[in-house]
Amino acid sequence: MNWKKGCGKWLGWVLLVLTLLLVSFYLLMRGENRNLDQKARFEVSGEFIQLSHGLVNFHLGGIEDAPLVVFVPGFSVPAYVWEPTLETLKEAGYQVLSYDLYGRGYSDRPDVVYDLDLFTSQLTELLSALEQSDPITLVGLSMGGPIVSRFAVLHPEQVSGVILIAPEVLQTTNRDIFPLNLPGVGEYLMAAVMGPIVLPKLQPADFYNPDNYPAWEELYKVQMQFRGTGRALLSTIRELVTLDPEAGYKLLKETNLPVLLIWGLEDQTIGLDQITILQEILPDLETLYVDQAGHLPHYEKPEVIQPVLLDFLSKYAVQD
């Protein structure tokens, strides 16, 4: 047998077997097996409102007409990340609004580009649809930091103050997200590995002491069952390379709005280098360092953070 033909034949069989293995692994591991429909939404609390890109799940509570505090989550965790803080502020006499970003939680997964423009317009439309026109205090976690900063820059007259918790500061590079930025490869990895395995497993790392939150990973997995979640998260990851948080914070400085920064000293996602850069950009911001806390200091150390939040709100939140 001609050796070239023989090698070609065996190579073809090897590629076929590898392809079948990859397809089988994908079919076995992919977790998106439910539609986010009326039946699924019936299972959850909160309300739903139709915006230009779909239904958005939100929670609005507290004293009506009291100063409004709006909570914007980060890259992938839904609005439940704010639960302890929401209850405290409601008891203190504030009105609070939290919601799921598009592609997360129980908000729709539109087939669009998931970039800063999308998330900023979602917040703008949500406030308009809820007829909230008085100045608000914005709270942004991680990727929510650039979102609330962009909103404040575009609508400074609607904002009385900004609170940044573990905010994203440095711009993401293509090297950071490789190989998820490769067409086809990224889609496969998100569907077969990242969505069902990696992202849920990474969630406990947001805490300094994850043993205190044994259900956190399972709670995160709930949203991963809905079709379109992986596509939304992958699009967000790829669009991060177009997001320059530093430029946004420089524009925020020009608004002269009061800013409070909260950061956990054990944060494994946002390092001290990013916090130092932010402090250089916004030298007048108030800063709270939280000991023995990771990327979610408001969740781990509410007894430390909540008094500081209430003090900031007492000074800057607008009351009719």
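This is a short chat about one buried residue and some salt bridges in a predicted model.

Q: What kind of model is this, and how are residues numbered?
A: The model is predicted: local features need pLDDT of at least 70, side-chain atom pairs count only at pLDDT 80 or more, and totals for chains, interfaces and linings use all residues. Residues are numbered from 1 along each chain as its sequence is written, and side-chain values use heavy atoms, with hydrogens and water left out.

Q: Where is Gln-158?
A: Gln-158 sits in the loop between helix H5 (144–154) and strand S6 (159–165). Helices (H or I, at least four residues) and strands (E, at least two) are DSSP runs, numbered from the N terminus.

Q: Is Gln-158 buried or exposed?
A: Gln-158 is buried, because its relative accessible area is 19%. Buried means under 20% relative accessible area, exposed over 50%, and partly exposed in between (1.4 Å probe, protein chains only).

Q: Switching topic, how many salt bridges are there?
A: The whole structure has 11 salt bridges. Each is a side-chain nitrogen of Lys or Arg within 4 Å of a carboxyl oxygen of Asp or Glu.

Q: Which residue pairs with Asp-117?
A: Arg-150 does, with the closest N and O atoms 2.8 Å apart. This pair links distant parts of the chain: Asp-117 is in helix H4 (residues 116–129) and Arg-150 is in helix H5, 33 residues apart.

Q: And how exposed is Asp-117?
A: Asp-117 is partly exposed, at 47% relative accessibility.

Q: What about Asp-311 and Lys-315?
A: Their side chains meet in a salt bridge (3.6 Å, N to O). Asp-311 and Lys-315 are about one helical turn apart because 4 residues separate them in helix H13 (residues 302–316).
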